[in-house]
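Here are a few exercises to work through with the model open beside you. Try each task before reading its solution.

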Amino acid sequence: MTSLTFQRFARVCSAIFLIGCLAATAQHESLVVDRAGTTVAIEPYASNIVRVTISKEKDRATAAAGYGFIASPSSSGWRHENESGDDFYRSDRLVVQVAASKAAHFSANDLQLMKFFDFSNDPQQHITVSTADGKMLVDLLGWSVPEPGALKETHPRTEPSAPVSATFASPLDEHFYGLGQNQEGSLDHRDHTVNCWHDYGAPGGESVCVPFMVSSRGYGLIWDNPSKTTIQAGFNERTGWTSHVGDRISFFVIAGNNTDEIYSGYRMLTGPTPMLPKAAYGFMQSKQRYDSQAEILAVAKGYRERHLPADYIVVDFLYYTKMGQMDMDPNKWPDPEAMNRQLHDMGFKSMISVWPHFARESRFHDMIEKKGWFVNDADGTPTNGRHVDRVGPNLDTTNPDAAKWFWSVIRDNYVKKGFDAVWLDETEPDTPPDNSYFSVGPGQAYYNVYPLFHTASVYDGWRKDSDKRALILSRAAYLGAQRNATVFWSSDIYSSWDTLKRQVPAGLDFAASGMPYWCNDVGGFLPLPAEHHPLHAPLIDPTDARANVGGYDDYPELYVRWYQYGAFQPIFRTHGTRNFNEIWSYGKQAEPILEKYLKLRYQLLPYIYSLGYQSHETGAPYMRALFMDFPNDPNVAEIGDEYMFGPAFLVAPVTDQGATSRSVYLPAGAKWYNFWTNELFEGGKTITVKAPIDTIPLFVRAGSILPLGSAIESTEQKQDIAKIRIYPGANGAFSLYDDDGKTYAYETGDVRITRLSWDDAMSKFSADGAKAWTEPDRELVEIVKSKTGN
């Protein structure tokens, strides 16, 4: 299949039929062997991708992969060999070895222990996955799958199941990244326990499960089990995966010569990330919450009167007369269609929040309950979740009929009235998994998949009914959710320095989980404390912002530092529970700094939009932890407070109150320009960088080609290429991408790609492909003259 054909075919696959929906497109042959009554199946998908499945029941070991996967198995280029009882399955990239069965040998001590304890020394054998040249990637030391007779049914609606686990060898030099969103503050998961489930109440901020881990040893591992899963990474030179329920072990191994090849494999297995509307790469203005149509329009006019760029403005929740009524209170929102027309005339797009809850008194509740479309408990009673009975039960969008209906009411009540994007809040879902039941099965087994189905309900409907690009904001994710045009955000976080510091590694790990579009509430979400007095004198005087920040003396400083970091996130979006949240709301000292970074974001749009296309094509994120681009530099393995933003920028956010400098490690193997001063530094060392309140430490890798755009106030205006900036010191290349920014015509090849090149030895710039500017190159190309760094 070509890339475009695959994309079109994948869209046809409804989220409800994710298991094996491509099975008919290719023939495949798995290696299936018996080991002492346990079935082991080895199923290739490509020369560098293989799935391993283990179960006491052969039909489960040979069943299709679970939710989230859309690729077809393929054994092309694989061959089976048996040597001395060991089974080998080989391609030109991988060797999978399933060792022969070994008899169990119980010592006298073992036999004594077995009288009193559930002690086992089963005749399990190694399963290993190595590269063709012998490098060990995955060494499965042991596993636990339930005996069929031991499975328990606690209720007629539950599936027979029990815990499953696998233990892998973990060399001391191995580091682990990804695994969704965990906000405890570390990047490398080694020597940490990761709770892989959607937990709004996690201590550092909501955790989100995407069970895809990337190893520093050149492979990715996808754990194919949507129940609550715990990963204990690297303890005692072992990494253990334990899922709450299951009747098999199923995992994928993706080998990669570099991290981008691993993400290419993830993309093949779970689907490509669509291009978002070009406006999404600009700036989203939001707060909790704009209370009326008049307030929304006033904020939009405030941006335009100040000639400040912005593209989206957001209507948060509580705009309706009842939760689930799917209306807008006419007293405050008298004419949403007219409001959206005015916003569009000003170059704004609008986003509206839609919850999956339906209060008992709302107009749809009784119909939904009658059809059985609510998430419910064991006796069929709708489950109310954390909000008790205040907002009503959750719609079960794992039910295909409920999913289609949900989109239809969003379309008819909001999209047809001019709203351009949908914010799907509460997508965990907000229900207790152990006592909840979905159309696809019990919550114990399937809790983590809900956001995949829920975002697909809107994306699939949008693609069917509109040629305009979809944009969905979601609070949780799962394998494959990136293909639903979804931006994920880090949930309802505190407005504190500690939270800001932990956002950086949290976002890097989430992006490393195959989810390119992540953001957070710039400034934090939860209400500000009545008073907060910092240890250091605030770098921004809060006096003229007291109506907004109250007694939080250092909040304007915090907001400025957060905003600087936000300008270098994949999606730039502000939100939070404050009286006002526009850039003129934080005082006269803060305003020009915020304006500086807002305008810089739009100046970088040609670069950022091109990065979005690279993510679409490769599956790799463009907010990148340093391990991705500098695998040969051991010093970057645990650095979680700086990162690459595309191939050019190294970003080092300031997250300490009162700081006017910070240390920055410049990775080895490159030279680095200070973006602000053009000082040039050798890589492989740590430097101290000046960081006054108006400056985020920002470096550009030598050899970078940086396309810069003309000043615009929204992406509705045509943006010309204003400058091509070259940072000499190495050869460079960059693919400048553009399209109509609004439709899916890019999927059929309606794109403009200009290949930019820099030959450092010849000091020569060249461009070929689509013509992206009309001026002579000499008028646009700027070669940076370096200054000597320390």
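**Exercise 1: the cover of a helix**

The buried residues of α6 are covered by elements that include α5 (293-305), β18 (312-315) and β19 (349-354). Keep in mind that this model is predicted.

Task: find which residues of helix α6 (residues 336-345) are buried, and which residue with a positive phi follows α6.

Solution.
- Step 1. In α6, the buried residues are Pro336, Ala338, Met339, Asn340 and Leu343.
- Step 2. To read such a list, recall that an α-helix has 3.6 residues a turn, so residues three or four places apart point the same way.
- Step 3. After α6 comes Gly347, with a positive phi near 85 degrees.

**Exercise 2: cysteines, paired and unpaired**

Task: count the disulfides, describe the link of Cys196 and Cys209, and decide whether Cys519 is buried or exposed.

Solution.
- Step 1. Two cysteine sulfur atoms within 2.5 Å make a disulfide, and the count by this rule is one.
- Step 2. Cys196 and Cys209 form a disulfide, with 2.2 Å between their sulfur atoms.
- Step 3. The angle about the S-S bond is 90 degrees, and the link of Cys196 and Cys209 is right-handed.
- Step 4. This pair links distant parts of the chain, 13 residues apart: Cys196 sits in strand β11 (residues 192-196), and Cys209 in the loop between β11 and β12 (212-215).
- Step 5. Cys196 counts as buried because its relative accessibility is 1%; Cys209 is buried too, with a relative accessible area of 0%.
- Step 6. Cys519 takes part in no disulfide, as the nearest cysteine sulfur, that of Cys209, is 20 Å away. With 0% relative accessibility, Cys519 counts as buried.

**Exercise 3: a threonine in a loop**

Task: locate Thr743 and work out what its side chain reaches.

Solution.
- Step 1. Look in the loop between β38 (732-738) and β39 (752-759), where Thr743 lies.
- Step 2. The side chains of Thr743 and Asp740 are joined by a polar contact of 2.5 Å.
- Step 3. At 3.2 Å, the side chain of Thr743 also reaches the backbone nitrogen of Ala745.
- Step 4. Setting aside neighbours within four places in sequence, Thr743 is in contact with Asp467 and Arg469.

**Exercise 4: a nonpolar patch**

Task: which residues form a nonpolar patch on the surface with Met114?

Solution.
- Step 1. Met114 is placed in helix α3 (residues 108-114).
- Step 2. Because its relative accessibility is 35%, Met114 counts as partly exposed.
- Step 3. The partners of Met114 in the patch are Phe106 and Leu111, and the accessible area together is about 260 Å².

Key:
Residues are numbered from 1 along each chain as its sequence is written. This is a predicted model: local features need pLDDT of at least 70, side-chain atom pairs count only at pLDDT 80 or more; totals for chains, interfaces and linings use all residues. Side-chain values use heavy atoms; hydrogens and water are left out. Patches are made of residues with over 30% relative accessible area and no salt bridge: like charges are joined within 9 Å, nonpolar side chains (Val, Leu, Ile, Met, Phe, Trp, Tyr) within 5 Å. Accessible areas come from the Shrake-Rupley method with a 1.4 Å probe; for residues, only the protein chains shown count as cover. A salt bridge is a side-chain nitrogen of Lys or Arg within 4 Å of a carboxyl oxygen of Asp or Glu. Helices (H or I, at least four residues) and strands (E, at least two) are DSSP runs, numbered from the N terminus. Buried means under 20% relative accessible area, exposed over 50%, partly exposed in between (1.4 Å probe, protein chains only). Contact means heavy atoms within 4.5 Å. A polar contact is a pair of N or O atoms within 3.5 Å; within protein, one must be able to donate a hydrogen and the other to accept it, and residues adjacent in sequence count only if both atoms are side-chain atoms.
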